[in-house]
Amino acid sequence: MEATIVYDSRESKLASAAPDGDHLWLSLADLGRATGWEVKPQGVCRGETCVPVPKGAGPQGSGWTDEKGGRFDLAGFARHLRQPVVHDDESSVWVFGAAPGRGLSSAEAPDFALPDLDGNVHRLSDYRGKKVFLFCWASW
Amino acid sequence: MVVAVAFDSAGEAAVRDFVRPTDLAALPPVIRDIMGWEEKLWERAGTPTYPCLIDRDHVVAELYGMVNVPSSVWIDENGRMVRPPESAGSSDNFRTMDPVTFSMPADAAEDGKRRRKVYVDALRDWIENGAKSRHVVAEAELLRRTRGFSDDEALAAAHFRLGTYLHRHGKAEAAKRHLDEAVRLRPDSWNFRRQEIVLRDPALTGQFAATPEYWEALQALGDRYYYPPVEMEGMPDPVHPNQRATGG
């Protein structure tokens, strides 16, 4: 089974994905590739952030990994982080949104990468060192 | 420098004629009233030399908490915002627009030009004076002017993202279900609402999609703002939305 997941605005097609109701099982390798999260003895970690596994959490009671420890329920973990999870079963697409909250936490401008009309990708951070007037518009 | 971002799920087809217009003079005269540019800006008639980016999934809107266009942010050389996401000089005076002819009363058009000039002058002041500009907003105040998002609003963003993905992959019906849900969960997002209208009707791609549904939603705002007033020194007092809400 294959599924597409959208996590942190990044789309990944994952061969190991196995949807099961409201759960989405991934291999640990795909988990890291698609989300940056890793299962470690101290919890589920990404960069300097580690989320401890609550006792009895997850469908197997052993966190969000399955009984053999080879797969991870990303949807269960996301719900623990209060991230919205929506999916379309026919197309096998899962979107993991940002958790509700304060929004911007500092004046640091969130970075992004987008294409121009010719397909060249620009990152906001490419323009560090210059003043930027970020202007957002639409044709509609 | 300017970095322009178009929130357009229809992608290049929707924005090309705006970014590289072949004939500015051919645009309807009312566009001048809506844009509020001075005549000398129209006379330049050049295509932009700055990056014009396409944001099919409204990623920037989500990151910066934007719910309408045009919205802008000023970012200094260190990558820090010095003004929060805010309407780029627009105001609710546009709600005087006739929904059929799109014409605006002369005083409203003039008011729009005045506000746009205050905004552009402030921008020039910051470019010249940097951190010393009186229009720079301190971090605590900047964060006060931004807002977070609720459970429903976070869920709305996820539905919207799934909707744009499905639409891009030819699943129009499934896309509509998720886009509708995004609009229902976050009714204050004109970005969601207006994008959904366009995606539902491909003939509207690249058009000012002022459909009856749009005017009805605008009218339903009553005395709530479409463009919350910009807190900026020198900006005229806000146009009270209810005094101006004649559209529809």
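1. The loop between strand 1 (3-7) and strand 2 (10-14) of chain A holds A:Ser9. In this predicted model, A:Ser9 has a positive phi of about 70°, although the residue is not a glycine. A:Ser9 counts as partly exposed because 16 other C-beta atoms lie within 10 Å, where a buried residue would need 20 or more and an exposed one 12 or fewer.

2. A:Ser92 also merits a look at its backbone. The residue sits in the loop between strand 9 (85-88) and strand 10 (93-96) of chain A. Its phi is near 55°, again a positive value in a residue other than glycine. With 17 other C-beta atoms within 10 Å, A:Ser92 is partly exposed.

3. In chain B, the peptide bond between B:Val69 and B:Pro70 is cis, with omega about -5°. B:Pro70 belongs to the loop that runs between helix 4 and strand 3 (71-75) of chain B.

4. How many of the 11 residues in helix 9 of chain B are buried? Nine are, and the helix, residues 190-200, is thus mostly covered. Among the buried residues are the aromatic positions B:Trp190 and B:Phe192. B:Arg193, B:Arg194 and B:Glu196 are buried as well, as are B:Asn191, B:Gln195, B:Val198 and B:Leu199.

5. Which elements do the buried residues of helix 9 of chain B pack against? Their partners, within chain B, are strand 1 (2-7), helix 4 (59-64), helix 7 (151-168), helix 8 (172-185) and helix 10 (212-220). Helix 4 also borders the loop with B:Pro70 noted in point 3.

Key
Residues are numbered from 1 along each chain as its sequence is written. Chains are lettered from A and ligands numbered from 1 in the order in which they are written. This is a predicted model: local features need pLDDT of at least 70, side-chain atom pairs count only at pLDDT 80 or more; totals for chains, interfaces and linings use all residues. Helices (H or I, at least four residues) and strands (E, at least two) are DSSP runs, numbered from the N terminus. Two residues are in contact if their C-beta atoms, placed from the backbone, lie within 7 Å.
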